[in-house]
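Here is a short briefing on one chain. Look over the sequence and the model first, then read the points below by topic.

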Amino acid sequence: MALRAAGRQSLVDTVVDALRSQLTAGEWTVGSRIPTEHALAEQLQVGRNTVREAIRVLVHAGMLRTRQGEGTFVVSTADPGDIMRGVQRAGIRDVLELRIALEAEAARLAALRHRPADLARMRAALDAQAELADAEGAPDSGSLELYADHDIAFHKAVVEAAHNTALTATYGWFSSSVREALVSALDDHAMPKIVHGDHRAVLDAIAAGDPEAAERATRELLEKPKRAVEALLAAR
């Protein structure tokens, strides 16, 4: 089968994915020797150098081991990256559950107590984030950190608009965990993309002075990624 680089993936990345799929599917058992570089290159219809680089990646990942003069052997058919992503997703779920508790109440209070400057900060954060998004609403890989910063700026502006000192201080301490979880989610293709319309719904409800709608919109915004995480964890 001939392989082609998909999207922004290099051909090496594509070969890594193909070999990883064969490993996790049990095509080669632990302890067995995988086909030679030449055989794999013919099978995948790529150059031997491409296969060699892909094997190095999987050796570094702990799935393969190369023995001088003997070949390359299977160490593990479980992708450590998948395991780590599972751990990260569990952490993201915990963060999202706490975010719902804090931010839903903050949005409700913000609808009752906001000032014009609060709304201006929310709009500025959403506008800046939108400028980094592509046609599908996703940031490119080089903008993940800045994209996350603008998202956090919006949510902090909502919390600050509640004008509750204790709530603002609590969220300020917690926001580093929120950012870390957000960056991990943005880099996880199995997680849903940020929908700017959902954020605008929160802003519009606050601006309209509707506390119930603001709380509801915030819950709906954060429940989407939480449900996605729960589905991914259940499928493990």
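The expected span of a helix is 1.5 Å times one less than its number of residues. Helix α6 can be set against that rule: its 17 residues reach 24 Å from first C-alpha to last, close to the 24 Å expected. The model is predicted. It holds nine helices and two strands.

**Overall layout**

- Along the sequence, the elements follow the pattern α-α-α-β-β-α-α-α-α-α-α.
- The chain has 236 residues, and 39% of them count as buried.
- The accessible surface comes to about 12500 Å². Carbon and sulfur atoms hold 52% of that surface.
- Take the contacts with a sequence separation of 6 or more: 69% of them join residues 24 or more positions apart.

**The hairpin**

- Strand β1 covers residues 64-67 and strand β2 covers residues 71-74. The two run antiparallel and are joined by four bridges.
- Leucine 64 has valine 74 in β2 as its bridge partner.
- Three residues lie between β1 and β2 in this hairpin. In the turn, glycine 69 has a positive phi of about 80°.

**Helix α2 and its cover**

- Helix α2 spans residues 37-44, and its buried residues include Leu40, Ala41 and Leu44.
- Seen down the axis of α2, the buried residues fall within an arc of 100°, so they line one face of the helix.
- The cover over these buried residues includes α1 (11-24) and α3 (48-60).
- Glutamine 45 comes just after α2 and takes a positive phi of about 55°.

**Helix α6 and glutamate 160**

- Helix α6 runs over residues 144-160, with glutamate 160 in it.
- Many side chains can be listed for the buried set of α6. Among them are the aromatic-ring residues Tyr147, Phe154 and His155. The set also includes Leu144, Ala148, Asp151 and Ile152. Ala157, Val158 and Val159 belong to it too.
- Is glutamate 160 buried or exposed? Neither label fits: glutamate 160 is partly exposed, because its relative accessible area is 29% and that class lies between the 20% and 50% cut-offs.
- Beyond its neighbours within four places in sequence, glutamate 160 is in contact with Arg121 and Thr168.
- Glutamate 160 and alanine 107 are 53 residues apart in sequence. In space they are 9.5 Å apart, C-alpha to C-alpha.

**Histidine 196 in helix α8**

- Histidine 196 lies in helix α8, which covers residues 196-207.
- Why does histidine 196 count as buried? Its relative accessible area is 18%, and buried means under 20%.
- The side chain of histidine 196 makes a polar contact of 3.3 Å with the side chain of tyrosine 147. Tyr147 is itself one of the buried residues of α6.

**Lysine 226 in helix α9**

- Lysine 226 sits in helix α9, residues 211-234.
- Lysine 226 counts as buried because its relative accessibility is 12%, and the cut-off for buried is under 20%.
- Which residues does lysine 226 contact, leaving aside its neighbours within four places in sequence? They are Leu96, Glu97 and Ile100.

Note on methods. Residues numbered from 1 in each chain as written. Predicted model: local features only at pLDDT ≥ 70, side-chain atom pairs only at ≥ 80, totals over all residues. Heavy atoms only, no water. Buried < 20%, exposed > 50% of the residue type's maximum accessible area, 1.4 Å probe, protein only. Polar contact = N/O pair within 3.5 Å; in protein donor to acceptor, adjacent residues only side chain to side chain. Pairing = 2+ DSSP bridges. Contact = heavy atoms within 4.5 Å. Areas by Shrake-Rupley, 256 points an atom, 1.4 Å probe, with all protein chains shown as cover. Arc of directions from axis to C-beta.
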